[in-house]
Amino acid sequence: IRCWSNIPFITMPLSRAHGKSFAHRSELKHAKRIVVKLGSAVVTRGDECGLALGRLASIVEQVSMLQNQGREMMIVTSGAVAFGKQRLRHEILLSQSVRQALHSGQSQLKDMAIPVLEARACAAAGQSGLMALYEAMFTQYSICAAQILVTNLDFHDEQKRRNLNGTLHELLRMNIVPIINTNDAVVPPPEPNSDLQGVNVISVKDNDSLAARLAVEMKTDLLIVLSDVEGLFDSPPGSDDAKLIDIFYPGDQQSVTFGTKSRVGMGGMEAKVKAALWALQGGTSVVIANGTHPKISGHVITDIVDGKKVGTFFSEVKPAGPTVEQQGEMARTGGRTLAALQPEQRAEIIYRLADLLTDQREEILLANKKDLEEAENKGRLALPLLKRLTLSTSKLNSLAIGLRQIAASSQDSVGRVIRRTRIAKDLELEQVTVPIGVLLVIFESRPDCLPQVSALAIASGNGLLLKGGKEAAYSNQILHHLTQEALSIHGVKDAVQLVNTREEVEDLCRLDKLIDLIIPRGSSQLVKDIQKAAKGIPVMGHSEGICHVYVDVDASVEKVTRIIRDSKCEYPAACNALETLLIHRDLLRTPLFDQIIDMLRIEQVKIHAGPKFASYLTFSPSEVKSLRTEYGDLECCIEVVDSVQEAVEHIHKYGSSHTDVIITENEKTAEFFLQHVDSACVFWNASTRFSDGYRFGLGAEVGISTSRIHARGPVGIEGLLTTKWLLRGDSHVVSDFSEQGSMKYLHESLPLPQRNTS
């Protein structure tokens, strides 16, 4: 028997066979029966007198939402003492005699001391009001609530235990939310120290133990313990090195230092951990989280049930590899070591990776074949995604060529001096390139992305976290293994990490202390989701690739069909494929226009007519639903414009600032288009498909950015660098440069060191 607080716990309750808790957060969405424990700090106001009504209403709303989804919800609540204290203080003030008030004077009345209130009396006065409040709130959601008060004695008597168990099961069967609390009005005499201000101690930590006991007795799937801290930390919250523990495993207690208890309640984190581990041993999953934070309290319970990374999750299943937080730290440390290598050493790693791609191609293609077979058997990927998933000998050869280009061009990428200034005599300033830090690259169905991005991260000295789609698991695994093999030649294996845990993308986007830049590679929906989910971390990329080709009145007949065919048909799923074809009005009903239409029909491109184009036709193709559409397939929109100026305006209104093209023989018109179109890539007489890092000679790209800050267009090594300032002086101080000082600012530009162009 383990005795925590005043409730004796039988190690395995007789009323329940040994169950099995959920191993991963993602499984919590399957929880059917849930206990929510509300700590004193969650229920009470900041002044510790009265209830936090807004917070309580939000919790009731979340519990009601889950109850109405068909789950069975139970609440273990504190708050009766605080509510009763508020009522009794009010009654004491009102009961002061008018004579005493007049005799004492108004100013003295304000300072009148309130006597210490007996805690059990507070509980007796507060129980009915607390329950009435819960009933009123749950009624708003057409849910009935029932109160159950328990004492320590109820857990000593087997018959009382069975009665309690039967009552709770009957209430749940009738879709009623049981609200359980210790009967603080009849507890043993209080201890002499203070809990709530002005109220002697009641052993309110029993609610932690009570919640765990009830959760196991009722064979509950999930226990949510809400307190006033984010979860369990490896040292007291607020200390400099305190880190939130995402997952806590039995046996980890030695690595945790417990601090003081919360502002109210006697439980403290140590009691919560003991209760949580006991519940976990009994087969109930546990999450300890913050129920008071104004930004998350409105959805903390539903977020936990949805499997989001909130608070500390208690699990009996320890993963084989490191956590994503540990991988982030490893990537940070490995990236710094990588950046400190000589440029030739980083290039040597990339050359080695290029060799491995060709030397180990049979193993790579075998792993890729497994991915393709699984995808086809499950039928979960569309044909364009299957094409992206497929690797071939030619693809691997192209990858190797691209990696060697990166290695050759990376010799002076990190530490390059881009500005030198003499501030004053013997005081020189330099601006030099440095890595951004740790990159998180999330990619779908494209295993070839892994070595490309890895090579760029290595060349730029960045640590890298990779999160690939599960459809490419086998391919990603072997490619990452080869990447680490190449990194090992200079002892920086940890700089590139592949995230294999069940981390949701949304959870990864919240790791703002570990990740400096997120780069999504995939569908427009993926990019939008990541941009929405990222909390405090910049996202480099584009959500859409709505690329235009404008055919000018002076366009060459020979060039038009070649460029349009390549832009649309060479790889229609690519983000740099043509989506909208703009045609000058004077070209309608000309042989050139007929050639364009015939070519698109031969290539089986489905045509959608823009509003203006449709008005010129008696029988037109289906009118486009939106001029801002990325088809990603053999489809495109055709629209008519009156001039190059109108083409530019159309692109600015409906485009995505990705890649836009003009086809014309008129140089003046072309230059107008090139200068006025505000997109990342603007071309004259060339296919949109040239918008690519490899084709630009960057070796490869981590993606294409339409952002206006930092990198824009295909992002290679340069886009993964930032700068820092180095100032070298000799006992210089700012006061020397004042009006009465002895020194003057020079601000002379100095020549840059010669770049290594070999």
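Two exercises on a predicted model follow, each with a worked solution.

**Exercise 1.** Determine in which helix Glu217 lies, whether Glu217 counts as buried or exposed, and with which side chain the side chain of Glu217 makes a polar contact.

*Solution.* Begin with the secondary structure, where Glu217 is found in helix α8, which spans residues 206–217. Turn next to accessibility: the relative accessibility of Glu217 is 8%, and because the cut-off for a buried residue is under 20%, Glu217 counts as buried. Finally, consider the side chain of Glu217, which makes a polar contact of 2.7 Å with the side chain of Arg161.

**Exercise 2.** Work out the strand order of the open sheet of four strands, and then establish which elements helix α16 lies across and which strands helix α17 touches.

*Solution.* First, lay out the strands, which follow the order β15-β14-β13-β16 with parallel pairing. The edges are formed by β15 (496–498) and β16 (517–521), each of which pairs on one side only, and from one strand to the next the twist averages 20 degrees.

Second, examine the pairing of β13 (residues 438–443) with β16, which is parallel and extends over five bridges; within this part of the sheet, Ile442 has Pro520 in β16 as its bridge partner.

Third, place the helices. Helix α16 (residues 449–460) lies across β13, β14 (463–468), β15 and β16, and runs at about 165 degrees to β14. Helix α17 (residues 473–487) also packs on the sheet, where it touches β13, β14 and β15, and the direction of helix α17 makes about 160 degrees with that of β15.

How values were computed. Residues are numbered from 1 along each chain as its sequence is written. This is a predicted model: local features need pLDDT of at least 70, side-chain atom pairs count only at pLDDT 80 or more; totals for chains, interfaces and linings use all residues. Side-chain values use heavy atoms; hydrogens and water are left out. Helices (H or I, at least four residues) and strands (E, at least two) are DSSP runs, numbered from the N terminus. Buried means under 20% relative accessible area, exposed over 50%, partly exposed in between (1.4 Å probe, protein chains only). A polar contact is a pair of N or O atoms within 3.5 Å; within protein, one must be able to donate a hydrogen and the other to accept it, and residues adjacent in sequence count only if both atoms are side-chain atoms. Two strands pair if DSSP finds at least two bridges between them. Axes are lines fitted to C-alpha atoms, for helices over the stretch in contact, and angles run from 0 to 180 degrees between N-to-C directions. Contact means heavy atoms within 4.5 Å.
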